[in-house]
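Student: I have a structure in front of me and would like to learn how to read it, one feature at a time. Could we begin with the terms and then turn to the case at hand?

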Amino acid sequence: MKMSTTLIETFARVLGAAAERAARVVTDRLALFYHLAVMILSATIAVTLPFTFTFLAQRLLAYWSTIEDEKIFLASAEIAVALVLVFVFSHARTNWTNRRFSKMARAAGMVHLSAGNGVLSRRVARRLKERHAFMQDIMIIGSTGARTLADPKGDLRAVIENCRSAKIMLLDPESRGAIERVRTLGGLEITRDGLRAQVEQTIAVLRALPAAHGRIRLKLYPEPPLWKLAVLGDHVWVRHYHPTLDVRVLPEYVFAHGQDPASLYAAFYQYFVARWSDPAIPEYDLLTGELQYREGAGKDVGRAVPSA
């Protein structure tokens with residue numbers, strides 16, 4: 001039994017080696033045939049070029065002798081040639097401009113732009129954010145977080161549920177920044193109570209998460225919001241809070257981390273770190289519902305805030 005097994009293994013090795021040699025021979029022959037075919041085709045084209053040009057020249061002279069006195073045809077040909085040249089040069093100029101803008105975007109580290117208005121663009125942005133943040137340390141700055149964190153269909157709802165750790169900064173609803181935000185967005189029917197309710201809704205969602213008391217930290221900043229920022233692993237998603245516009249109507253830019261010092265990823269990352277490290281910005285304790293100020297900030301420690 002053992003001898004038969006050895007014979008079978010030896011035969012399999014020999015058969016495999018023979019098959020490998022046969023495949024190598026066939027491959028070599030196919031490459032040889034390919035080179036021969038290319039050489040024959042090149043020689044054929046080279047030999048027939050004089051006859052081809054002679055034939056085309058004769059046909060062109062025959063056609064030209066027929067149409068050289070046709071003024072309408074000549075005018076039409078001139079117009080057609082002019083239109084073709086205008087189209088070609090315009091297309092070339094557009095391509096050159098697009099290449100220049102593309103080079104500028106790459107230098108800044110921008111890898112994606114999302115309008116965020118359509119259903120398809122929102123879906124693509126949500127999937128990209130989930131992929132970028134999966135099991136990553138993330139950092140988020142927003143206004144109230146109601147549409148992105150509290151909403152079950154929000155762009156960052158699945159992100160905070162599947163991340164490794166999260167640092168989140170929201171607008172303090174009792175601050176002057178909240179009053180200023182409500183005043184500048186008065187035309188959008190946003191009230192102080194509505195803003196407070198949205199922040200409380202987001203806090204309630206964060207406190208209900210299983211990782212709320214270990215991996216998720218929250219701070220409330222007092223100034224009017226400037227950037228809607230989400231640092232998700234090696235990508236940062238950025239939107240600008242315009243004083244009089246809803247942030248959803250503005251585009252969202254994505255910058256990737258790279259070795260190029262011109263990339264804006266590092267700038268936005270350092271912006272978040274500087275804001276998070278500011279001792280004047282208190283941290284909201286998701287367990288006790290109190291604002292905890294760092295020592296040296298000149299504030300009372302443990303101020304309670306409304307929570308849902």
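Tutor: Let us start with a definition: a residue is called buried when its relative accessible area is under 20%, exposed when it is over 50%, and partly exposed in between. Please keep in mind throughout that this is a predicted model. Lysine 129, with a relative accessible area of 3%, is therefore buried.

Student: What share of the residues of the protein chain counts as buried, and how many helices and strands are there?

Tutor: Of the 308 residues in the protein chain, 30% count as buried, and the secondary structure consists of eight helices and 10 strands. The chain exposes about 20100 Å², of which 64% is supplied by carbon and sulfur atoms.

Student: How should I read a single helix, and which residues of α7 are buried?

Tutor: The general idea is that an α-helix has 3.6 residues a turn, so residues three or four places apart point the same way. Helix α7 covers residues 192–208, and its 17 residues reach 25 Å from the first C-alpha to the last, close to the 24 Å expected. Its buried residues are Leu195, Arg196, Val199, Glu200, Thr202, Ile203, Val205 and Leu206. Among the elements that cover these buried residues are the helices α4, α5 and α6, together with the strands β3, β4 and β8.

Student: Could we look at one of those residues in detail, and ask which residues threonine 202 touches?

Tutor: Threonine 202, which is found in helix α7, has 0% relative accessibility and so counts as buried. Leaving aside residues up to four places away in sequence, threonine 202 touches Thr144, Gly145, Ala146, Leu149, Ala150 and Leu170. With one of these neighbours there is also a polar approach, since a polar atom of the threonine 202 side chain lies 3.3 Å from the backbone nitrogen of alanine 146.

Student: Next I would like to understand salt bridges; how many does a search of the whole structure find?

Tutor: A salt bridge pairs a side-chain nitrogen of Lys or Arg with a carboxyl oxygen of Asp or Glu, within 4 Å, and the search finds 13 of them in the whole structure. In one of them, aspartate 155 pairs with lysine 129, with the closest N and O atoms 3.4 Å apart. Aspartate 155 belongs to the loop between α4 and α5, while lysine 129 is in helix α3, so this pair ties together parts that are 26 residues apart in sequence. Aspartate 155, at 14% relative accessibility, counts as buried.

Student: Where do arginine 157 and glutamate 161 lie?

Tutor: Both residues lie in helix α5, four residues apart, which is about one turn of the helix, and the closest N and O atoms of their salt bridge are 3.1 Å apart. Arginine 157 counts as buried at 17% relative accessibility, whereas glutamate 161 is partly exposed at 41%.

Student: And which residues are linked in a network of salt bridges?

Tutor: The network links Glu174, Arg192, Asp193 and Arg196, and Arg196 is also among the buried residues of α7.

Student: Finally, which residues make the nonpolar surface patch?

Tutor: Leu41, Ile45, Leu49, Phe53, Phe55 and Leu56 make a nonpolar surface patch of about 610 Å². Leucine 56 has its place in helix α1 and is partly exposed, with a relative accessible area of 48%.

Methods
Residues numbered from 1 in each chain as written. Predicted model: local features only at pLDDT ≥ 70, side-chain atom pairs only at ≥ 80, totals over all residues. Heavy atoms only, no water. Helix = DSSP H or I, 4+ residues; strand = E, 2+ residues; numbered from the N terminus. Expected span 1.5 Å × (residues − 1). Buried < 20%, exposed > 50% of the residue type's maximum accessible area, 1.4 Å probe, protein only. Contact = heavy atoms within 4.5 Å. Areas by Shrake-Rupley, 256 points an atom, 1.4 Å probe, with all protein chains shown as cover. Patch = residues over 30% accessible without salt bridge, like charges linked within 9 Å, V, L, I, M, F, W, Y side chains within 5 Å. Polar contact = N/O pair within 3.5 Å; in protein donor to acceptor, adjacent residues only side chain to side chain.
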